[in-house]
Amino acid sequence: MSFLTNDKLVILGGGGMIGSNMAQTAAMMRLTPNLCLYDPYGPGLEGVAEEIRHCGFEGLNLTFTTDIKEALTGAKFIISSGGAPRKDGMTREDLLKGNAQIAKELGENIKAYCPDVKHVTIIFNPADITGLVTMVHAGIEPGRVTTLAALDSTRLQSELAKYFGVEQDHVTGARTLGGHGEQMAVFASEVKVDGTPLTELLGTDKLPMADWEEIKTRTTKGGANIIKLRGRSSFQSPAYISVEMIRAAMGGEKFRWPAGSYVSNDKYDHIMMAMESDITPEGTIVHEVRGTAEEIAELDASYKHLCDLRDQTIAMGILPAIEDWGKVNPHLK
């Protein structure tokens, strides 16, 4: 059985629950034989490596290390879950300072050890900001960094499928855009349920507006609900979706969901947020947003919230002032 590529894929945070699931998923998808796991906690990391070996994947050249230089040297693709997880009662934004500092160090390490990396996917929260920080400090093209935002769209799809009692893939066009947080914008205008536009169901006895508002709330709080149910933050779904993202960057199957992407245009500027995007081997292509006036207003509000988080990160000294980003990353001039 062949692999999609022979390029080195590095999973940062490989000793954790998300990282171990990413490693197994990448091996099952046969993305590359050259899979490297990094984690500062050696015993847990070795345990994951042993588990993967015990799966008996054919042709897999699995390595692991607690040395970030060794891990990143020669890396062409990176997925990082290497931040602190959310705990019960925390928002993604509560993790801002500590995880943004981790993202800065990651970016600097990428610049030092693998500046020709082809794609980096960041999934530790608040992912919009940690991805932005990583990209700025890595000095790589903005289109080569994406963040995990699709999880919100799959949660919307799931909630609608449960509500209408249909198979999940019978709900199409489920989209959330903007921030990967409770201020995300939930879009209904492109959704179809068994081929019927959701807009035709809204406000009827099939989907009263009060029920729709509850669905939106369950979507935005989907991660918090997992913590309450399982006693820990999500790990299976972010692991699977992030590996789907890196597969698309490798030239594999098209990624089906919005991705956290860098945006700098007349309306949304110097920010990373969930957008309709195509992840390709040449970089990420961001598409124009389509939606109702109300949906666009929600997206604008989510963008403003992200700008506030970005500006807090600048005030902390983790990001330079926007006008100085080009000094750190020449692709941002």
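1. A word on terms to begin: a residue is called buried under 20% relative accessible area, exposed over 50%, and partly exposed in between, using a 1.4 Å probe and protein chains only. By that rule Cys 307 is buried, with a relative accessible area of 10%. Cys 114 is buried too, at 0%.

2. Please keep in mind that this is a predicted model, where local features need pLDDT of at least 70, side-chain atom pairs count only at pLDDT 80 or more, and totals for chains, interfaces and linings use all residues. Residues are numbered from 1 along each chain as its sequence is written, and side-chain values use heavy atoms, with hydrogens and water left out.

3. On the cysteines: taking a disulfide as a pair of cysteine sulfur atoms within 2.5 Å, the count comes to 0. Cys 114 is in no disulfide, and the nearest cysteine sulfur, that of Cys 36, is 11 Å away.

4. Now the strands, which are DSSP E runs of at least two residues, while helices are H or I runs of at least four, both numbered from the N terminus. Two strands pair if DSSP finds at least two bridges between them. Strand S4 (residues 75–80) has 6 of its 6 residues buried. S4 runs parallel to S1, joined by 5 bridges, with Val 10 opposite Ile 78 in S4. S4 also pairs in the parallel sense with strand S5 (residues 119–122) over 4 bridges, and here Phe 77 stands opposite His 119.

5. A separate note on the open sheet of 3 strands: its order is S7-S10-S11, with antiparallel pairing. S7 and strand S11 (196–197) are the edge strands, each pairing on one side only. S7 meets strand S10 (residues 192–193) over 2 bridges, and Val 171 stands opposite Val 193 in S10.

6. You may enjoy a look at the largest pocket, with a volume of about 650 Å³. A pocket here is an open set of points on a 1 Å grid over the protein atoms alone, where a 1.4 Å probe fits, with protein on both sides within 12 Å along at least five of seven lines; lining residues have an atom within 4 Å of a point. The volume is the space filled by probe spheres set on the points, which are joined across faces, edges and corners. Its lining has 33 residues, with Leu 151, Thr 154, Arg 155, Ser 158 and Gln 168 nearest the centre. Helix H6 (150–164), strand S7 (171–172), helix H9 (222–230) and helix H10 (236–249) each give two or more residues to this lining.
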